[in-house]
Amino acid sequence: MSTTSQPDPVRLEIFKNLYQFIAEQMGIVLQNTAASVNIKERLDFSCAIFDASGLLVANAPHIPVHLGSMSESVRSLINDQGDTIKSGNVYLSNNPYNGGTHLPDVTVITPVFPETNDNTASPTPLFFVASRGHQADIGGITPGSMPPHSTTVEEEGILFDNFLLVEQDNFHEIQVRNFLTNHKYPTRNPDQNLADFKAQIAANERGVQELHKMVAQSGLKTVQAYMQFVQNNAEESVRRAIDVLKDGSFIYHMDNGAEIHVQVIIDRENRHATIDFTGTSEQLNSNFNAPKAVTQAAVLYVFRTLVDDSIPLNAGCLKPLKIIIPEGCMLNPAYPAAVVAGNVETSQTIVDALYGALGVMAASQGTMNNFTFGNERYQYYETICGGSGAGANFDGTDAVQTHMTNSRLTDPEILETRYPVQVESFCLRPDSGGKGKYSGGNGVIRRIKFLEPMTANILSGHRCVPPFGLNGGEAGKVGRNWIARQNGTQEDLDSTATVEMLSGDVFVIETPGGGGFGSMGNSP
């Protein structure tokens, strides 16, 4: 089938949806075959396909912080392994300094080679497919691998850097098990890790099969050409969004005293935007440092949301953007900086800072309210919804996962079946959204009762600094973390805390509301 230098509009729409469909099929396989609640029930995973150079082509609508950063992991593999990448190999990576987000998010990468009967040939990969899943535990100093007070990446768990998981169709079970357990802070449930890795391999294999099917039906040149066309289409869509933006800047204050400085400069003539984070706080001695790939993912997400067209998030979205992130700042840290909160917390603040600079939207809850608990037998992790920010012509939404997270909460029946806890109550938090012409969404109150002793951890933000309002809108209400002890006493916690829970104790998380937009005097 012949290809041209210009895409046919109908076929462009078909291929755009086909690429996304493949990623969705991968996600279905991963959900169906995973062992952990984290992946199977909370859907804390992402799947995507990439071109031969490792650039993102299309994804399923999974977790934004994963999708904007996975390309860095794939390109790191290409740069690191190069000619040694063979058909039948599968690789494992979670290195935060090579495209990873934080250690629990482990990416499985499979190269896609031409279908050939000639075993002597050593072609280069045509494409790559990848799946990233949040492991319930990957080691580290606290169960669930989300330690509130880690200061180095080693304390957060096991680091894989382009680890050869499958070699020419042979699964390296002994090697990966040894890697998981032979560590200063080993993983607590290697059997579950291995089961989830196998589920990710299976998901990738579905992607490989579907891409081969597409090539057989349409021809390799057409498939590759339309991968480029889909990226070009996304690039043009972002340029159209940039056409109507104005220069802006914002300074975002975090609970820990850190600041994110961002300046957006619009070049109308070249339809280009520069996003400059110069002035942002230096690398922190806490774990709120965001890997460079996470910072880029947050920028990519914001500009994708400004596009009205239905396009897949892909590498084309980044082409009209120049991102300046000074080395050694908290948004581009150096090894061995701790990063576990950078992915889940700082990513949210980057998004809100950008919306603030562009004047588009008030702050959302600005946190994922990361709650983990466990011991040597059980490990569990969840992110908790809150209020989203209001905008120029819309109210915020109550009780929603905002921006860089898109995961579910585990159904109470499953949570209580799998773990010795009880969801005592889960409700809206009235009047927590900021008032304005358009009001911010309300947060929630979640109460978890423990039925046996365990270590619990909270990693959160906006417990001191409220989510900002814009254009005269009020700020959202700050969140609160506290313990209702079985003996009747109450214990207030900071934004980040580790606490020993006894049987009968209740952990209470009150999540922030979103900021309002526009002053009340402007109400209709």
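User: How are α8 and α9 set relative to each other, oblique or roughly parallel?
Analyst: In this predicted model, helix α8 (residues 292-305) and helix α9 (residues 340-358) pack at an angle of about 45°, and α8 and α9 are therefore oblique to each other. Their axes lie 9 Å apart, and the crossing of the two helices is right-handed.

User: Which residues of α8 and α9 make the contact?
Analyst: On the α8 side the contact is made by V294, T295, A298, V299, Y301, V302 and T305, while α9 contributes G342, N343, S347, I350, V351, L354, Y355 and L358.

User: And how do those divide into nonpolar, polar and charged?
Analyst: The residues of the contact of α8 with α9 comprise 10 nonpolar and five polar ones, with no charged residue among them.

User: Switching to charges, then: how many salt bridges does the structure hold?
Analyst: There are 23 salt bridges in the structure, and one of them pairs E173 with K198, whose closest N and O atoms are 3.7 Å apart.

User: What does the pair of E173 and K198 tie together?
Analyst: E173 lies in helix α5 (residues 173-181) and K198 lies in helix α6 (residues 190-218), so the salt bridge ties together parts that are 25 residues apart in sequence. E173 counts as partly exposed, at 31% relative accessibility, and K198 also counts as partly exposed, at 41%.

User: What about R188, which residue does its side chain meet in a salt bridge?
Analyst: The side chain of R188 meets that of E376, with 3.9 Å from N to O. This pair links distant parts of the chain, since R188 sits in the loop between α5 and α6, whereas E376 sits in the loop between β12 (370-374) and β13 (379-382), 188 residues apart.

User: Is R188 buried or exposed?
Analyst: R188 is buried, with a relative accessible area of 15%, whereas its partner E376 is exposed, with a relative accessible area of 60%.

User: One more pair: how far apart are the closest N and O atoms of E236 and R271?
Analyst: The closest N and O atoms of E236 and R271 are 2.8 Å apart in their salt bridge. E236 belongs to helix α7 (residues 220-242), and R271 to the loop between β9 (259-267) and β10 (272-276), so that the pair links distant parts of the chain, 35 residues apart.

User: Which residues do shared partners join into one network there?
Analyst: Salt bridges that share partners join E236, R240, D243, R271 and D309 into one network. Within that network, E236 counts as partly exposed, at 30% relative accessibility, and R271 is partly exposed as well, with a relative accessible area of 22%.

Methods: Residues are numbered from 1 along each chain as its sequence is written. This is a predicted model: local features need pLDDT of at least 70, side-chain atom pairs count only at pLDDT 80 or more; totals for chains, interfaces and linings use all residues. Side-chain values use heavy atoms; hydrogens and water are left out. A salt bridge is a side-chain nitrogen of Lys or Arg within 4 Å of a carboxyl oxygen of Asp or Glu. Helices (H or I, at least four residues) and strands (E, at least two) are DSSP runs, numbered from the N terminus. Buried means under 20% relative accessible area, exposed over 50%, partly exposed in between (1.4 Å probe, protein chains only). Axes are lines fitted to C-alpha atoms, for helices over the stretch in contact, and angles run from 0 to 180 degrees between N-to-C directions. Angles under 35 degrees count as roughly parallel, over 145 as roughly antiparallel, 65 to 115 as roughly perpendicular and the rest as oblique. A crossing is left-handed if the near helix is turned anticlockwise from the far one by less than a right angle, and right-handed if clockwise. Contact means heavy atoms within 4.5 Å. Ala, Val, Leu, Ile, Met, Phe, Trp, Tyr, Cys and Pro count as nonpolar, Asp, Glu, Lys and Arg as charged, and the others, Gly among them, as polar.
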